[in-house]
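I opened this model to look up how the protein meets its DNA. My entries follow.

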There are 2 protein chains.
Amino acid sequence: MTLSDQHSGHQTTRTRHKKSRLPTLQDVAERAGVSLSAASRALSRDQKPVAAEKRERVLAAARALGYSANPLAQGLSTRQTGLVSIIVNHIGDLSDLDLFDILIGRLQDVGKQASIVRLGSVKSARDFLRGSISYHVDAALIFSDFIGPRQARDFFRTNHVIMLNGRQDSQSLSVQPDDAPGIQQAVENAARHQVETATLITGRESSELEKQRIAFYRTALARYGILVSTQLHGDYSYASGVTAARQIDPRHYTDAIFCTSDAMAMGVLDVLRDREDGIIPGRMRLYGFDNLSLTDLHSYPISSIGFDKRDYVEQVVSLLVDPAQARKGPRHLGVPTRFYGRQTG
Amino acid sequence: MTLSDQHSGHQTTRTRHKKSRLPTLQDVAERAGVSLSAASRALSRDQKPVAAEKRERVLAAARALGYSANPLAQGLSTRQTGLVSIIVNHIGDLSDLDLFDILIGRLQDVGKQASIVRLGSVKSARDFLRGSISYHVDAALIFSDFIGPRQARDFFRTNHVIMLNGRQDSQSLSVQPDDAPGIQQAVENAARHQVETATLITGRESSELEKQRIAFYRTALARYGILVSTQLHGDYSYASGVTAARQIDPRHYTDAIFCTSDAMAMGVLDVLRDREDGIIPGRMRLYGFDNLSLTDLHSYPISSIGFDKRDYVEQVVSLLVDPAQARKGPRHLGVPTRFYGRQTG
DNA sequence: ATGAAAGCGCTAACAT
DNA sequence: ATGTTAGCGCTTTCAT
């Protein structure tokens with residue numbers, strides 16, 4: 001590439017033999033009659049030293065050519081891809097779609113692209129991640145509970161891993177809802193309505209998170225003198241809520257049911273509606289968990305416990321945008337839950 | 001980089017000054033005592049000429065180092081990133097979550113990563129896409145109805161744009177459900193149950209797709225001699241279903257309601273349940289559209305019309321994996337819808 | 001079969 | 001402020 005080439009406004013040796021590529025920075029520089037680096041500086045998002053007049057020429061050339069930087073090439077230099085991967089089990093595991101929508105929107109706001117990685121099963125996790133782009137992203141948001149903090153650091157050899165599945169250690173960054181206040185408020189609500197006996201329908205007790213959550217319920221219930229007559233296990237799903245509700249002995253009086261997911265609560269509600277044999281929806285208080293938007297439907301007006309999704313996402317983004325700062329400040333961020341009263345509670 | 005360096009198993013000049021980078025192909029080559037290109041060939045997924053013994057050494061070295069290729073760098077050479085972007089308005093616009101889950105899973109099966117781009121609003125679309133990675137992906141799947149086929153080709157330099165929003169032209173690739181059979185079957189079902197008068201609750205008639213759908217309904221209804229007593233407009237949402245249902249005049253007898261979305265049908269059902277003034281759920285047949293998994297819930301046992309999601313995704317993937325073939329074969333693929341009978345129909 | 005070398009498109013020293 | 005140059009990590013000619 002000779003100097004005279006660079007100043008010609010026409011096809012260059014480089015562009016000639018490639019048929020109709022996208023315009024490159026090289027092309028822009030040539031058209032503007034400046035050096036490659038000058039063009040790079042002019043187009044850079046942070047203020048780099050360029051003569052105002054020169055910058056204009058470059059910008060004009062870029063516009064004329066319909067130039068758009070290749071993030072891959074940029075990434076190769078800067079080691080920043082602009083890609084953030086969101087690691088989930090299945091899509092449905094993100095119990096709330098709204099959260100997902102807000103998260104992706106905010107990521108885009110701060111110049112990141114969301115890439116969804118669906119793990120599906122435990123075994124494939126490690127191998128899969130190694131092979132994929134996820135291995136080289138700016139940050140990874142771990143929603144999947146298949147991955148622990150150590151593995152996460154091992155997989156992504158970056159510090160930019162944010163644990164959102166409740167599995168954190170002292171070294172990791174994390175954001176986690178604080179279940180206590182919401183549970184406390186829900187139980188208080190029950191107590192105010194003269195609830196004396198409660199049934200607990202929980203998820204897998206293998207999860208640390210769930211164990212802790214159950215402890216919160218029991219502590220709060222005890223505080224108000226509410227007896228836990230039964231504890232049943234489900235897997236957070238609607239179907240498991242149905243199954244659990246059917247196991248409740250009608251003769252065994254209970255005047256409130258607390259479920260650790262809204263989906264289970266929905267299943268419970270549908271069973272209660274079908275039964276005329278002692279447990280009547282009108283007399284029974286039902287509390288869910290997650291505050292799914294589905295609980296706004298007329299047919300599932302279930303009181304629930306949840307956190308502010310925008311708040312949550314904001315915490316995640318704050319860890320993302322300035323990881324240096326994040327490393328100094330608190331590594332584990334929390335967002336409080338609160339009680340959302342509806343018809344059933 | 002001297003030859004002796006290459007044969008030493010220790011830190012090389014290159015690795016030394018970069019603090020703890022990920023191992024590169026260079027590192028693998030050095031450890032295996034082969035050239036860079038030999039290592040590349042050995043690790044290539046398609047069979048390149050390498051001595052079997054050499055390949056083994058390279059593979060071993062790669063394993064020992066925990067090497068994993070950098071897709072960005074590969075992409076810079078091959079112009080293939082392994083990224084596919086899914087362009088949507090909002091996440092909720094993908095009326096079915098399941099579809100999303102299946103799609104991402106299958107993309108991963110064929111070695112692609114899904115990147116979600118949330119457009120949010122029309123105006124930002126063009127500018128946004130130009131700046132982002134999406135501009136340089138292997139393919140773009142357009143679910144957002146903000147983007148037409150021409151714009152899509154303009155945005156993404158590639159031909160690998162698949163229109164999934166119903167807005168296609170002769171040049172574009174597309175997959176689209178064929179609404180006719182499902183509608184025909186639903187109407188036939190109504191006719192078999194002595195339905196004589198029907199109400200139609202539709203979405204925005206500005207959409208070509210919706211207009212066509214309505215035409216299908218009217219044709220099928222006419223064929224069975226069913227009278228359309230009223231046509232109301234909603235926006236596909238639950239809330240708009242509620243609003244529409246409240247507008248139905250109780251004195252105006254109708255014995256079936258057809259909605260062009262399940263969400264609207266859910267709203268309608270909830271209104272019907274509340275009303276005791278003439279329209280009784282038991283006597284009224286209700287048909288939705290989309291076959292949402294929510295219609296499997298006890299409280300919304302709504303008969304619906306939908307397509308097989310796996311089938312649909314398979315069509316999309318088929319266009320993706322071999323675009324050359326796709327360009328020869330049919331460019332517009334369809335998946336048939338069918339009727340899913342539940343309690344309400 | 002194999003290695004050297006030339007890119008892919010860009011950024012970041014490094015001089016000037 | 002500006003241009004030159006050396007990478008970023010990989011694939012691919014092109015000789016051998």
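**Entry 1: DNA strand C**

I found that 72% of the atoms of DNA strand C within 4 Å of the protein belong to sugar or phosphate, and the rest to bases. The model is predicted, so I note that local features need pLDDT of at least 70 and side-chain atom pairs pLDDT 80 or more, while totals for chains, interfaces and linings use all residues. Residues are numbered from 1 along each chain as written, chains are lettered from A and ligands numbered from 1 in written order, and side-chain values use heavy atoms, without hydrogens and water.

I listed 28 residues around strand C (near: a heavy atom within 4 Å); A:L25, A:Y67, B:R41, B:A51 and B:R79 come nearest. I then looked up polar contacts (pairs of N or O atoms within 3.5 Å). A side-chain N or O atom of B:R41 is 2.6 Å from a base nitrogen of strand C, and one of B:S77 is 3.0 Å from a base nitrogen. B:R79 places a polar side-chain atom 2.3 Å from a phosphate oxygen of strand C.

**Entry 2: DNA strand D**

For strand D, I noted 70% sugar or phosphate among the atoms within 4 Å of the protein, with the rest in bases. The 28 residues around strand D include A:S37, A:A51, A:R79, B:L25 and B:Y67, which come nearest. I recorded a polar side-chain atom of A:R41 at 2.7 Å from a base nitrogen of strand D, and a side-chain N or O atom of A:S77 at 2.8 Å from a base nitrogen. At B:L25, a backbone N or O atom lies 2.3 Å from a phosphate oxygen of strand D.

How values were computed. A polar contact is a pair of N or O atoms within 3.5 Å; within protein, one must be able to donate a hydrogen and the other to accept it, and residues adjacent in sequence count only if both atoms are side-chain atoms.
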